[in-house]
Every structure is written in C-alpha cells, then in structure tokens.
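Reader: I would like a close look at a single part of this structure. Take one residue, then work outward to the contacts between chains. Please keep it brisk.

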Amino acid sequence: MPSNYRNFRKNVPWLILFLEAVFIILFYFLFSDDSASRSSISYAAFQDVNHMVIFGFGFSLMFLRRYGFSSTGFNLLIIVLGVQCSILIESSLVVLLHRENEGGLKRITKAVVSMTAVVISTGAVLGKTNPVQLILMTIVEIIVFHMSRWINNTFLQVLYMMHVHLFGAYFGLAVSSRFSEPSPRSEKNASTLKSDLLSMLGTLFLWVFWPSFNSVLAANKRKAIYNTYFALAVSAVTAFVSSVLTTKDGKFRMAHIRSAVLAGGVAVGYAAHSIEYPWIAMILGLLASVITILGSYCLQQCLNPALKVHDSSGVHFTFGLPGVLGALAQVVLFVIKNWTNLPSLGYLVTIHVGAFCLTISVALITGFITGLILNLKLFKTIPVSKYFEDQFYWEFPHLAVGF
Amino acid sequence: MPSNYRNFRKNVPWLILFLEAVFIILFYFLFSDDSASRSSISYAAFQDVNHMVIFGFGFSLMFLRRYGFSSTGFNLLIIVLGVQCSILIESSLVVLLHRENEGGLKRITKAVVSMTAVVISTGAVLGKTNPVQLILMTIVEIIVFHMSRWINNTFLQVLYMMHVHLFGAYFGLAVSSRFSEPSPRSEKNASTLKSDLLSMLGTLFLWVFWPSFNSVLAANKRKAIYNTYFALAVSAVTAFVSSVLTTKDGKFRMAHIRSAVLAGGVAVGYAAHSIEYPWIAMILGLLASVITILGSYCLQQCLNPALKVHDSSGVHFTFGLPGVLGALAQVVLFVIKNWTNLPSLGYLVTIHVGAFCLTISVALITGFITGLILNLKLFKTIPVSKYFEDQFYWEFPHLAVGF
Amino acid sequence: MPSNYRNFRKNVPWLILFLEAVFIILFYFLFSDDSASRSSISYAAFQDVNHMVIFGFGFSLMFLRRYGFSSTGFNLLIIVLGVQCSILIESSLVVLLHRENEGGLKRITKAVVSMTAVVISTGAVLGKTNPVQLILMTIVEIIVFHMSRWINNTFLQVLYMMHVHLFGAYFGLAVSSRFSEPSPRSEKNASTLKSDLLSMLGTLFLWVFWPSFNSVLAANKRKAIYNTYFALAVSAVTAFVSSVLTTKDGKFRMAHIRSAVLAGGVAVGYAAHSIEYPWIAMILGLLASVITILGSYCLQQCLNPALKVHDSSGVHFTFGLPGVLGALAQVVLFVIKNWTNLPSLGYLVTIHVGAFCLTISVALITGFITGLILNLKLFKTIPVSKYFEDQFYWEFPHLAVGF
C-alpha cells in the first residue's frame, strides 16, 4: 500500500461524519412534513424505485472481477448520502421560493430518482475513484443537477425529470475523461463468469422495475407503465439480435445484452406518459437498442481512443445515446401531434431542444471541472495499478480460494 | 465449432427481427387501449408476476454448471417475444369475436401468466435447444395454448387459466421425448454448489411470489392468497421430510427441495380462490409435495428410461404431477360441495374432467409434433456433445478461472 | 459420519410430519376467516415482509463458507413451521380470550413478524444446531415470545410488537452460551468473497424492505416509513465511517457494513410511527450504527471470551444493542413529549421500562433453559468438528470444483 494512501484513513471518516452532521442540522431547519399535503405517491411505487436503485444498480455494476464489494458497497454509500443532500436542496428551494410543500414520501422518491444521475455517472469512473472522490462527486453532481433542473423549470417551463439519464451519462463521461486509462494488458477490468452472472441479476432487476421508474412521477401512470414495458420488451429482443450481428461467430455477448436490454426503457422515459399507441414505444425500443449496440461498437473502437476517454461500464452507450434518442423522439412526436398549430409549434420545439442542449452542456462542462478537481493531489488519487481493486479499500481476511 | 453451426448466425437475427417487425405491425392494427375499460389489475400485482417470471424462473433454471448465461438470457428472450405474441392473439380474439376490450395492464398480465406454460416447457429441454428452436417452440406453444383455452372457454365454459402448469409440463415433456439423452458419463448436466445456490435464490423468488401468481386473475383474491400461502408452507415442510426419507443416509437433496417447495402452490392453483378452509389447502400442499418427491424418484428410475424421455429440469414432477393432483382435487372438492344437487353434478364433473383431458391431450400431441419439427435438419440441431454448454452460444473472453 | 448420527434420519422426518399433522388438525379447529373482519393489511405490505424474511434473512445468513445450503434451506423450514405455529397460538388466544377475529392476511403477517425473533435467534447458533434442534428451538421460542407479548399486553398494556428484535437477540445469545465454541484454528466459520457477496445481497434486501417491516403493523404508516428510511440512511453512512475508524489501515470490513447498515432500522422500530421530525430518527440511526460497531469490537474482544459465548453471526451487536438503544430512546422521547404531565409520566415510564426488562429477562432465562435442553444427548448434538458444514446435512453429488 502506498504510504500516502495511509492518510486516506484520516480523510474519509471525518469528512463523512462532518457531512452527515451538517445534513442532520439542516434537516432540523428545513424538513417538515405537514400531514396536510398528502403525497400522491404510493409506498409501493417508492419501494420499487428504491429497490431498483439500491439493488439493481448495485449489482448490475458488479461485473468487474475484483470490484464486487466496492460496486455494491459504495453504491449504497453514495445513494444514502446523495438522497439526503437532494432532499435538502429541494427543501431549501421550497423555503426560498415559497413553493408548495410535498409529502415526505414524495420528496424521498424524487431524491432517489435524481440520484440515478449520480449512480450512472459513477459507472463511468467505476473502479478508478476512491470513496472521498465519489462522495465529492456525488455532492457536486446532485447540486449541479438540481441547478440545471431549476433553470429548465424557471426559464424554459420544462418540468420533467427525465433528463436524469442524459445528465448522468454526460457528466460521468466528462469526469472520466480526466482519469487515465488502465493498462490495456491489465486483466483486472475484465469480468468473470460469476461477476457477469451477478451483474445480469442486477440488470434483470433494473429491467423489471424500469416501468415503475418511468411511471413514478408521471401524470398518466397507466400509459407510462405499458409503454415502458413494450419498449423494454422490444429492446430486449433487439439486444439479442444486434449482439449476434456484431460479434464474431454470431455469438451473444453478455455485455451487449446487459446494456441494450435497458435501452428502450431509457429512450421511452421522456415520452412514456404521452405516447398514444404502444407500437410507437416499440419502434423507439428497437431503435434505442440498435443505437446502443452500434454505439458500443463505434465508441469503443473509434471515439473513445481518439478522445482518450475510458468509460468503465459503458454509460455513454447504455444511458447517453438512448437518452439522446429519447429526447429527439419526444420532439418529433410533439411536432407530429401539434403540427396543425404552426405558430406556437416553433416556440415549443425551441424550448424542448433548448432544455436538451442546456442539460448536456451543463453536464459536460461541470463534469469536466469536477474531473479536474477530483484529480488534485489533495484527494490522494489512486495509482493506475490499483484501479479495479477491492483489496485497496476492503479488508480481505478471506482465504485466497475460489471466487 | 461445427461448420454447419456457423450458418446459425444467419438464421437467428433475421428470424427474430422479422418476427419483431411483424409484431410491431400487428400491434399497430390490433392493440388499442381505450381508457374507458379500466383494468381491474393493480400495477403491484402485475409487477409481482412479471418479477416472478423474469427473475424467478430465470434463476431457478440456472442449476446447470455451464448453462447459467443461457438459462437467464434465453428465458428473458422467449418471455418478451412470447408476451407480445400472446397479447396479439388475445387482441385478435377480441377483434374477431367482438369481445370486450380489457385494459392494457390486464392484457400484459394475462400474457405473462400464459407464458409460464412456455417457460415450464423450456425447462424440459433445458440445454438441448438453440435459440431458433426455442423461439419457434415459444410461438407454436403460445398459439396452441390459446387455442386450447379458447376451446375450453367456448365449448366447455371452463374459464380459468390454471391449466397453464399442466399444459406447460406435458407439452415440454412431449417435446423433450424427441431430443436424445445426454451421455450418462457427461458431467455437464450436473450442478455445482454455486449454481445450486443461485438456483435456490430463484426458487425462493418463485415461492415468495406464488400467492401473487395464483391470485392475480382470481375472483376472490384474499382467499386465493392465504390458501396459496398455507399450501406452500406445508409443501415446504413436507419437501424437507420427504427428501430425508428418500435419500441415502437421510440427507437433504437440494434438487428435491427446489422442486417440492413449489408443489403446493401449483396444486392449489386451480381451487385457491374457492377453498373454504386453509386446512384443505394444507392437505393439498402436503400431498403435492409427497407426490413430487415420490414422482421424482419413480420417474427418474423407471418411467423416463423406459420411455427414453430426458427431462432436464424435472418439469414432470415439479409442475406436471402437482398440476394433475390439483385438477383432480378441484373436481373432488366440487363434488363434495355440490353433492346434494345430483342431476347437474354429473354434467359439471364431466365438463371439468373433459377440460382436464383435453388440455393434456392437446399438450401431448402438439408437443410431440413440435418436437418432431424442431429436430428437422433445417434448424441446425445441436450435437449431443454440445448440450448444456454456454460457450456454444456466448462469447467467453473470461479467463478460465474459478466458477 | 458418526454412527449415532445415522439415527438422525429416524428422528427428523417423523418429528416434522407429526408436527405438521398436529398443525393441520389444529387449523381445522381454530382457524376460520370470516370475511366480515376485513384485514387492514394490504397484500403488498404482507408481501414485502414475507419477501424480506424468507429471502433477506435466508441470504444475509449465508456468509459462512460451507454453510450456504443450510442457511437458506433451514431458514425456509423454520419460518414456514414457525408461522403456522404462531398463527395457531394467536388463534387459540382469540378463542380462549374471546378476542376479535382478524383477517387471514393480517394474521399471517403478524406471524411472519413474530418469526423474525426466531430467525434472529438462529443466527446466534448458526452452523451449530441440527434441524431437530432448530425446530424444537423454533417451537419453544415462538410460544415463549407469544407468552411474553401476552404478559406485556395484559398486565402492562404495552401493545407493540417491536420487542421482537430484542427478544430474538437475547434468546439466541442465551441459547448459544450452551454451545461450545469452534476451534479458533478452524477456517470453516470464515467467509469467502463469494459468500460475503451473496450475504451482502441478502442484507441489501433487508435494508430495502426494513421500512415495510417497521410500518406494516404501525398506526401511522407514512411516518413510520420515512422515519425508518432516514434512520437507515444515516446508519448506512455511519457504518462506513465507523468501519474505517476501527480497522487497521483504515479499510472497510464487510462484516461491519453488513451488521451496521441495519442498526438504524432496528433502533427506530419502537418509535418510528411517533417520531415527529426525521432528524431525531437520523440521530438515532447514527447512534445505533456507532453502538453496533463499537459493540462488535468490544464484545468480540472482551465480553464473549469472558462469558464463553460464541455468537456466530453477531446477533448481539446487530439486533440486540440497537434494540436496547431503541427501547431506551423511546422512553426518553416519551419523557420529553409528556414531561409537563408529571404525575402520570412516572407511571408510564415504569411501564415501558418494565416491559423492556420483562422481555429481556424472559428471553435470557427461557433461552438458557432451551439451550440446556437442546444439548441433551437425546438430540444427537453435533460434534464441534462438524460445525459449519453443509455436507453433514446435504447430499453433495457436486464435483469438488470451484465454489
């Protein structure tokens, strides 16, 4: 263990404890749940989203051969910290802007949904950041995400939260551009059969709960649910097809399946509640899945080496590209629906495209800056040789057998 | 890799893409969800069933040592294809027979429940079929299943869907009779400790969600739930007892536990909503579990070798025999309840027994024919030496360690 | 295999079958679900608790390297037996004391919640008891637990069930004091990477479903849910902090994380429905987590060796100490809330403290006696060399590879 890493011990616990103390004090001042404002969210819906984020993401990120403990453990850590932070930000907005108070459960649910952005971002630097860096990144990102949402809300009157995948993917990508690539000969960022299976388990959880995620804050829950289901179904089918078409010997590749089965859910997120007919959602699911697998092929072969970006768990093509597709599809569907009313159409399209561009730009710029900050010597950055290594953070009294 | 298998690549993706395109086009014509017809199904109930089928079956079929990727992956693939197909069949029946339109969520739920039949059938040929064969089998079986249900509905006025296990088990069995047995010395169709544990994980999911499954389409949900729970509880207890009594040295066998804990849920499926007292469900659970373990003993020793049937995951005794018991028990309970009203009793018993016989005969005959078709050279049948082998379908960049 | 163990085969199955027959007969006489008494419990809430107990505990106890089958299998066995037993006890109390009849689902839910006590107790003797001993312990403990609840109800008018963790932990601890310690050189009670990961999976399930557990029988569900969530969130954060502070080199220890993330949920269980502000729950979560990790350090170093208690899965610090904290916190909160009304305050505090002391004393005394009984030669106690060994109970046809 490098000697300067020993100091790590001094940083982490006190930083976290201090943060937690600040959070508790702020909760004292900011959070009050008056029973009058009945939350419109059922406990089951909240539970689904909670389950999906903690368990689904925790396990779907577990594909690295020596990074299982950190993937699940740190995922839990940043989610619980981020949810508290997110609730505090929302609550201060309520106080500052005299907004209406929402029920306690609804506020937690919104915070968990927002945290998806951070979880996706951490996927891009999976295995390269120590907990101090992760926590800092969580706090910065959740603040910036709320800022970007607030700007969208206030100046563009765009209300939906579904920019969350887009924001998370591009923020993470920008951060990861500041982390050096692992040695190409390294076998540590490969997966084993076992880690792939547990990761598939997590992905199936995400798949099953994605309709809950897309519907939890939607106006027309029923529509959002079945549109998401159909989009996911078609993208699962397409994932298998595209995987066979893009690999040698026509075999399936688990990494393809894992990222492309979810693509439909991401893409349909923007418009799930307003799509009239499931066949539209299905076509969207098909396109999203194709884009994900083509994207994974092109990005890993061409773009990433050129830009020197190493995206550990492929968030760019898993969440970024389908998110872009979804945002564009929403605009197209909007145009088709309202094209008789030309005068206001241009204005509204501009607003949607504006919100989209704003989200991506804010994500890229702040992500880049965050990446620079995280690489300051101050944060005891990890040597490349220690990337993807549970043993760097966890006690291993385990006998060196099996796994 | 055998050279004729290379052509496999040409078949799978285009077949699936073509199917998916047909499905999307048919959805365009057939599926409309008018909000007026409120679905009587809650999202939570649908979610439970969805979760159970995708996750529970996916993982409970994972007991083979080298077939984990295919078990979960192909399970997802056939479910999403089958659900779309099943919805289309139901929707065309609605259009053709001028039936009442049901809500979108209810239609998906019914499709998922129907798909259980297919998932059970695939268990019987687990590890012996390539994806093309699986997809063909899925489409044929789901069509035949709906046909059989339609005959039951129209001519016998028998409405329930719970023949689903029975149909699935005997269809699968008939199909598997056309596939050759693996070499007895082969170790590939054995399980490892790890695969057994992950399979137990899947089985516990099935166990926990079985009350949801039995109640989701039932008239009296409350009764269906607690009767199923009690039947499952007693069959779990009996599974342990019977396992000790039938093994050498009085040890437990994981394969016994896995199949027998679910027996009560299968058996009680037919009558769960109408059983008055839980003790009846409990006795049914006890009998089902005993029959499953005795069945597993007898079938594997005597019947299967004689008939040259190799039932990979034991669907005959896991779902078939408890299904038969459940169907008979339903008739017996029916007779006891209505035996004062002798004239109509005979007629009604005939109808129930008729529906039962019809379901099994249709399953066996069509299953046998499907098995014949699947073994045509056209479908690039897999050589016996490649049975139970993930590596035949999946890229393995993994280092050859552990697992 | 020791020759006297062969007789084990004669005991287990007939004992269990006899028990099951008695249960079915008693169900015939005692259990009637009249539809008039509508259960106030939703199926989703029951399902969450059921899922958590079967799956969460089953897998979180799976950390021992060679005891995975038994951990999940026996967990299922004792839960289904115990739930039936618990329902029968409640039902006889209804008949004997002419209490109001509750709906079937509510009765099962209460039984599952009560069974948590037994599951926690079995954690203390994990790997040291054979199934006969486990079943006997289950029956005795569930009877004693109901007795203790009935005394609390009748004489102290204390109605809540949340003494369940406290009772379970101290009963288990007292039982475990009668079982000899494993040899310190033994590596069988260590964990592997894989067993730790599956155990983490179970723990995440418990973490996610804990709000359901604390709210399922609470009067003010909404409050119970979000207070539990915040307590769990803070205790997860604190778990990471404390783990770093108490290990060498400032690394995380999985065993710490596993027990301390749940501490907040246990501690807040008593008062979750009545805490006004989340910051109180958060402070409770922080304290509980600290106490758990300090407790784990002190107990394992000092107290346990002195008392010769070997607590296999650390139930004392995972459930016992946070339970004590929670009970005390409830009294303190109660005093703060009602301190203007001094006359009745003293009386009420006495009652709460009395219920707390009574629960612990009953648990310790009956646990100790149970421990003595379980160690009678009659029950074929297991030699220390066979502790923590799946192979003692399960058939292992598995090839000796991997794992």
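Author: Start in helix H9 of chain C, where Arg258(C) sits. The model is a predicted one. Is Arg258(C) buried or exposed? Arg258(C) has a relative accessible area of 11%. The cut-off for buried is under 20%, so Arg258(C) counts as buried.

Next, its surroundings. Leaving aside residues up to four places away in sequence, Arg258(C) touches Phe63(C), Asp196(C), Ser199(C), Met200(C) and Thr203(C). One of these neighbours, Asp196(C), also makes a polar contact with Arg258(C). Their side chains are joined at 2.6 Å.

Now the helix in its wider setting. The contact between chain C and chain A takes 48 residues from chain C. Chain A gives 57 residues. About 5200 Å² is buried between chain C and chain A. Of that area, 77% lies on carbon and sulfur atoms. Which residues of chain C lose the most area to chain A? They are Leu193(C), Leu197(C) and Phe252(C). Together these three account for 14% of what the chain C side buries.

Then the polar part. Chain C and chain A share one salt bridge. Its partners are Arg253(C) and Glu395(A), whose side chains meet at 2.6 Å, N to O. Seven residue pairs are in polar contact across this interface, with both residues at pLDDT 80 or more.

Which elements build the chain C side? Those giving two or more residues are helix H7 (193–215), helix H8 (221–246), helix H9 (254–260) and helix H11 (278–307) of chain C. Helix H9, the helix of Arg258(C), is thus among them. The largest share comes from H7(C), with 14 residues. By class, the chain C side has 33 nonpolar, five polar and ten charged residues.

Turn to chain B and chain A. Here the contact takes 55 residues from chain B and 47 residues from chain A. The two chains bury about 5200 Å² between them. Carbon and sulfur atoms carry 78% of that area. The salt bridge count is one. Glu395(B) pairs with Arg253(A), and their closest N and O atoms are 2.7 Å apart. Seven residue pairs are in polar contact, again with both residues at pLDDT 80 or more.

The side of chain B that touches chain A has its own list of elements. Helix H2 (8–30), helix H3 (43–60), helix H4 (68–97), helix H5 (104–124) and helix H8 (193–215) of chain B each give two or more residues. H4(B) gives the most, twelve residues. By class, this side divides into 37 nonpolar, eleven polar and seven charged residues.

Last, the relation between copies. Two copies of a chain are related by a rotation about an axis and a shift along it. Chain B can be laid on chain A by a turn of 120° and a shift of 0.0 Å along the axis. The RMSD is 0.0 Å. Why does that matter for the symmetry? A turn and shift of this kind are the relation of a three-fold axis. The copies use different surfaces, and 7% of the contact residues of chain B recur in chain A.

Definitions and conventions
Residues are numbered from 1 along each chain as its sequence is written. Chains are lettered from A and ligands numbered from 1 in the order in which they are written. This is a predicted model: local features need pLDDT of at least 70, side-chain atom pairs count only at pLDDT 80 or more; totals for chains, interfaces and linings use all residues. Side-chain values use heavy atoms; hydrogens and water are left out. Contact means heavy atoms within 4.5 Å. Buried area is the accessible area (1.4 Å probe) that two parts lose on being put together, summed over both. A salt bridge is a side-chain nitrogen of Lys or Arg within 4 Å of a carboxyl oxygen of Asp or Glu. A polar contact is a pair of N or O atoms within 3.5 Å; within protein, one must be able to donate a hydrogen and the other to accept it, and residues adjacent in sequence count only if both atoms are side-chain atoms. Helices (H or I, at least four residues) and strands (E, at least two) are DSSP runs, numbered from the N terminus. Ala, Val, Leu, Ile, Met, Phe, Trp, Tyr, Cys and Pro count as nonpolar, Asp, Glu, Lys and Arg as charged, and the others, Gly among them, as polar. Copies are superposed by least squares on the C-alpha atoms of residues with pLDDT of at least 70 in both. Buried means under 20% relative accessible area, exposed over 50%, partly exposed in between (1.4 Å probe, protein chains only).
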